[in-house]
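Could you walk me through this protein in my viewer, one selection at a time? I would like to know what to click on next and what I will find there.

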Amino acid sequence: MSTARAYPNIALIKYWGKADEELMLPAAGSLSLTLDTFATTTTVTLVPEADDDSLELNGAEATPEQVRRVTRLLDIVREWSGSTAHARVVTRNEAPTGAGLASSASGFAALATAAADAYGLDLSARDLSRLARRGSGSATRSIFPGLAMWHAGDDESSCAEDVSGPDFRMIIVFVDESHKSVTSREAMRRTAATSPFHSAWVESTAQSLDLALQACADDDFTRLGQLTESNALRMHAVIQSAEPPIRYLTARSIAVFDAVERLREDGLEAYATADAGPNVVVISRPADADAVAERLGDLGRVAVVGPGPGAALISEE
Ligand code: PMV
C-alpha cells in the first residue's frame, strides 16, 4: 500500500491540443506553476485476488469512465513492473473537481507516484512525469515543484522539468464552482478538428513558450505576466472558434479580466489567466498579492496560493 500527495498546477503557457492521443503527446510545450494548496492524496493498494481495479473518489465509488482512466494508467504500471495484480485506489481532492482547476493534474501525478511505488518501481521524477502524462497532460508538470516546463517531445520520452524564474503568487477567483460542461479532452479534440485557427495557436504557443522561458531566465515578472495573459486569451479564442463553439469564460470571468486591467492602470501589477473553466487565476508579485485579492474579492471567493512542492510519497497516517 502506497500513498502519495500531489498539487495542481496552473499553466502560464497553456497546453491545448495533442499531437498523439494514444501517447498523450502535446502539440506544443507548456509552462506552469505547481501550487501549494488543493492537494490530491491517493492511496494504491494491490489486490491480487480482484478481477478489476476499483476507485473511490472523494468518499464515493467512482463512475465506470473514471475507473477506466485509472485502469489505463495502471495498465502501463503493470506493463513496466511485470505484475498482473489489480489495485484499489482511494483518492481525495481538496479542490472542487472539474471546475477548471486542474484536479486531473494533481490526481494523475499522485496516482502515478503512488502506483509506481505500490508496484515496486523506483522511478526518477522524469519517468514519473512520463507516466503521469499518460493519465492527463497537465499531470506531467505536477510531478515537479514550482515552475515546470513540459517539453513537447515527439515520442514517449516527453516529460517536464523544473525551471527557475521570478517568485510570484496566484490569486484564484472562484466565479463558478460547478462542474464544467465539456471536458478538456473533448474540447481539445474539437478545437484541433474544427478551428480554422488551430495551427496558428500551436505555432504562437511555441513562440510564447520560448519568450516565457527567456523571461524566467531574466527574472522578469512583467514580461512573464504579459505573455501569460495573452496566451490565455489566445487559448480561449481558439476554443471559441471550434464548431460547435465552446465557451468556458462567462461574463463573470470577463469581469475579472476587466478588473485586472484596472488594477494595472492603478499601478498594481497583475495579469490574468484561466484554464478550461470559468474561474480566473491572477498572478502578482508576492508583496502585492493581498492587495490584489482584496480588490478582486467582490467578484468571487478568492484564494491566494504560491509555489508548492512536487508529487511525493507520504507515510500512512
Ligand atoms: O491535461 P488536462 O486534460 O488537464 O488539460 C489541461 C488543459 C489546460 O488546463 C486548459 C491547460 C494546461 O496547460 O493546464
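Start by selecting the charged side chains: the 28 positive and 45 negative charges of the protein have mean positions 4 Å apart. Bear in mind as you look that this is a predicted model.

Now show the whole C-alpha trace. Along its principal axes it spans about 65 × 45 × 35 Å. The radius of gyration is 19 Å, which agrees with the value near 20 Å that a compact globule of 317 residues would have. Switch to cartoon and you will find nine helices and 16 strands. With a surface on, the exposed area is about 13,100 Å², of which carbon and sulfur atoms supply 48%. Beneath that surface, 54% of the 317 residues count as buried. If you draw contacts between residues at least 6 apart in sequence, 77% of them join residues at least 24 apart.

**The six-stranded sheet**

Next, select β8, β7, β9, β6, β1 and β16, in that order: they make an open sheet with mixed pairing. Its edge strands are β8 (60-61) and β16 (312-314), each pairing on one side only. Step inwards from β8 to β7 (residues 54-57), and you see the two run antiparallel with two bridges; L57 stands opposite A60 there.

Move on to β6 (residues 40-47), which has antiparallel partners in β9 and β1. With β9 (residues 86-93) it shares eight bridges, and T42 faces T91 across that pairing. With β1 (residues 2-6) it shares five bridges, where A6 has T40 as its bridge partner.

**The hairpin**

Select residues 270-273, strand β13, and then residues 280-284, strand β14: they pair in the antiparallel sense over four bridges. Six residues lie between these strands in the hairpin they form. To line up the pair, find T273 and look across to V281.

Stay on β13 for its side chains. In a regular strand, side chains alternate between the two faces of the sheet. Which residues of β13 are buried on each side? A270 and A272 are buried on one side, and Y271 and T273 on the other, so that both faces are covered.

**A buried arginine**

Jump to R130, which you will find in helix α3 (residues 125-133). Is R130 buried or exposed? Its relative accessible area is 17%, so R130 counts as buried, the cut-off being under 20%. Show what surrounds it: beyond its neighbours within four places in sequence, R130 is in contact with W80, E156, S157, S158 and C159. Try a distance label to S157, too: the two C-alpha atoms are separated by 6.5 Å, although the residues are 27 apart along the chain.

**Backbone stops**

Finish with some backbone geometry. Most residues other than glycine have a negative phi, and most peptide bonds are trans.

- Select M24, in the loop between β3 (18-20) and β4 (25-26). Its phi is positive, about 55 degrees, although M24 is not a glycine. M24 is buried, at 3% relative accessible area.
- Then go to D219, in the loop between α6 (198-217) and α7. D219 has a positive phi near 55 degrees. At 53% relative accessibility, D219 counts as exposed.
- Last, select E243 and P244: the peptide bond from E243 to P244 is cis, with omega near -10 degrees. P244 sits in the loop between α7 (221-240) and α8 (251-265).

Notes
Residues numbered from 1 in each chain as written. Predicted model: local features only at pLDDT ≥ 70, side-chain atom pairs only at ≥ 80, totals over all residues. Heavy atoms only, no water. Rg over C-alpha atoms; globule rule 2.2 N^0.38 Å. Buried < 20%, exposed > 50% of the residue type's maximum accessible area, 1.4 Å probe, protein only. Contact = heavy atoms within 4.5 Å. Areas by Shrake-Rupley, 256 points an atom, 1.4 Å probe, with all protein chains shown as cover. Lys, Arg positive; Asp, Glu negative; His and termini not counted. Charge placed at Lys NZ, Arg CZ, Asp CG, Glu CD. Pairing = 2+ DSSP bridges.
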